[in-house]
Amino acid sequence: MRSGHARDSGQAFPVYIAAVGGLLFLAFAYFMIGQVASTRNSAQTAADAAALAAAQDAREQLRRGWIDVILDPGQWGRFLEGKEYADRSACQQAAVFASRNRANIANGECIRLAGGREGFSVTVRTAGAEEWHATASAKAVIEPKCTFEAPEVPVPEESEPGTEPTEPGEDPEPEPEPEPEPEPEPITGLTCDDEDWAVDPDDPMLPSATDLFTVRLIGNDE
């Protein structure tokens, strides 16, 4: 009886080894799948952060540049439309945020959007061992929230020159003193998110960058 039991145990042992080996293989396979998914998620997070950082830096540039010409509404156009910013500064910010998420932006992979939209497309590659690399892309747009309609300037009425001739021997009437320069009027006509803003020439200010422009991620189908 004992020899039969020993034979059964000997036959069961290879089955046990095969079962354990199969379980270890499945565990390893699940681990690999999880690592790949985690790396892809990390890459997408880094790409999203980098694209948003580029667009937000451009938004801050737009506000600073607009303040420089705030008393000359004739120069507001490209700032109002969200077009007057430096790509290089924005992409440097994108690289900083990609690095914070353990990823890198290769040369030429931070690109200003075309086709009438303002913003950036960014592609990142995760850092680490070669077998764990992943790439991901994201797009962020800058959308103006303000409009400007210059108020009509009233045409001054022309006055008739009316100097009366003086009689011989009479002293001419003294010239009237020039009128003092009028105080500059507030600049009106700027509307942001349905709220009217008046720019005070003595203390010119603009709304915050988030009041001037929306920054958001978009998909490839937008």
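Is Glu84 buried, partly exposed or exposed, and what is the relative accessible area of this residue? In the predicted model analysed here, Glu84 is partly exposed, its relative accessible area being 36%. The side chain of Glu84 meets that of Arg78 in a salt bridge, with a distance of 2.8 Å from N to O. Arg78 likewise counts as partly exposed, at a relative accessibility of 45%. A search of the whole structure finds seven salt bridges, among them the pair formed by Arg78 and Glu84.

Another of these pairs is formed by Lys83 and Glu81, whose closest N and O atoms are 3.3 Å apart. Lys83 has a relative accessible area of 31% and is therefore classed as partly exposed, and Glu81, at 41% relative accessibility, also counts as partly exposed. A further salt bridge is found between Asp87 and Arg112, where the closest N and O atoms are 2.9 Å apart. Because Asp87 belongs to helix α3 (residues 87–100) and Arg112 to strand β2 (residues 110–112), this pair ties together parts that are 25 residues apart in sequence. Asp87 is partly exposed at 30% relative accessibility, and Arg112 is partly exposed at 25%. The pairing extends to a third residue, since Asp87, Arg112 and Glu118 are linked in a network of salt bridges. In general terms, side chains of opposite charge can pair when their charged atoms come close.

Arg63, located in helix α1 (residues 2–68), presents a charged side chain without such a partner. This residue is buried yet has no salt bridge, and the nearest side chain of opposite charge, that of Glu60, is 5.9 Å away; because a salt bridge requires a side-chain nitrogen of Lys or Arg within 4 Å of a carboxyl oxygen of Asp or Glu, the separation of 5.9 Å between Arg63 and Glu60 does not qualify. A polar atom of the Arg63 side chain does, however, lie 2.6 Å from the backbone oxygen of Pro207. When residues up to four places away in sequence are not counted, Arg63 touches Met205, Leu206, Pro207, Ser208, Ala209 and Leu212, so that Pro207 appears both in this list and as the provider of the backbone oxygen.

The strands β5, β6 and β7 make up an open sheet, in that order and with antiparallel pairing. Strands β5 (146–148) and β7 stand at the edges, each with a single partner strand, and one side of each is therefore left without a neighbour in the sheet. From one strand to the next, the twist averages 30 degrees. Within this sheet, β6 (residues 187–192) and β7 (residues 195–199) run antiparallel and are joined by four bridges, and Leu190 has Trp197 in β7 as its bridge partner. The two strands form a hairpin with two residues between them, and Asp193 in the turn has a positive phi of about 55 degrees.

Two further positions illustrate contacts between residues that are separated along the chain. Ala127 is placed in the loop between β3 (118–126) and β4 (135–144) and is partly exposed, with a relative accessible area of 43%. Although Ala127 and Ala103 are 24 residues apart in sequence, their C-alpha atoms are 5.1 Å apart in space. With neighbours within four places in sequence left aside, Ala127 is in contact with Arg102, Ala103, Asn104 and His133. Lys139, by comparison, lies in strand β4 and counts as partly exposed at 24% relative accessibility. The C-alpha atoms of Lys139 and Asn220 are separated by 7.8 Å, while the two residues are 81 residues apart along the chain. Excluding residues up to four places away in sequence, the residues touched by Lys139 are Ala51, Leu113, Phe120, Ser121, Arg216, Leu217, Ile218 and Asn220.

Key. Residues are numbered from 1 along each chain as its sequence is written. This is a predicted model: local features need pLDDT of at least 70, side-chain atom pairs count only at pLDDT 80 or more; totals for chains, interfaces and linings use all residues. Side-chain values use heavy atoms; hydrogens and water are left out. Two strands pair if DSSP finds at least two bridges between them. Axes are lines fitted to C-alpha atoms, for helices over the stretch in contact, and angles run from 0 to 180 degrees between N-to-C directions. Buried means under 20% relative accessible area, exposed over 50%, partly exposed in between (1.4 Å probe, protein chains only). Lys and Arg count as positive and Asp and Glu as negative; His and the chain ends are not counted. A polar contact is a pair of N or O atoms within 3.5 Å; within protein, one must be able to donate a hydrogen and the other to accept it, and residues adjacent in sequence count only if both atoms are side-chain atoms. Contact means heavy atoms within 4.5 Å.
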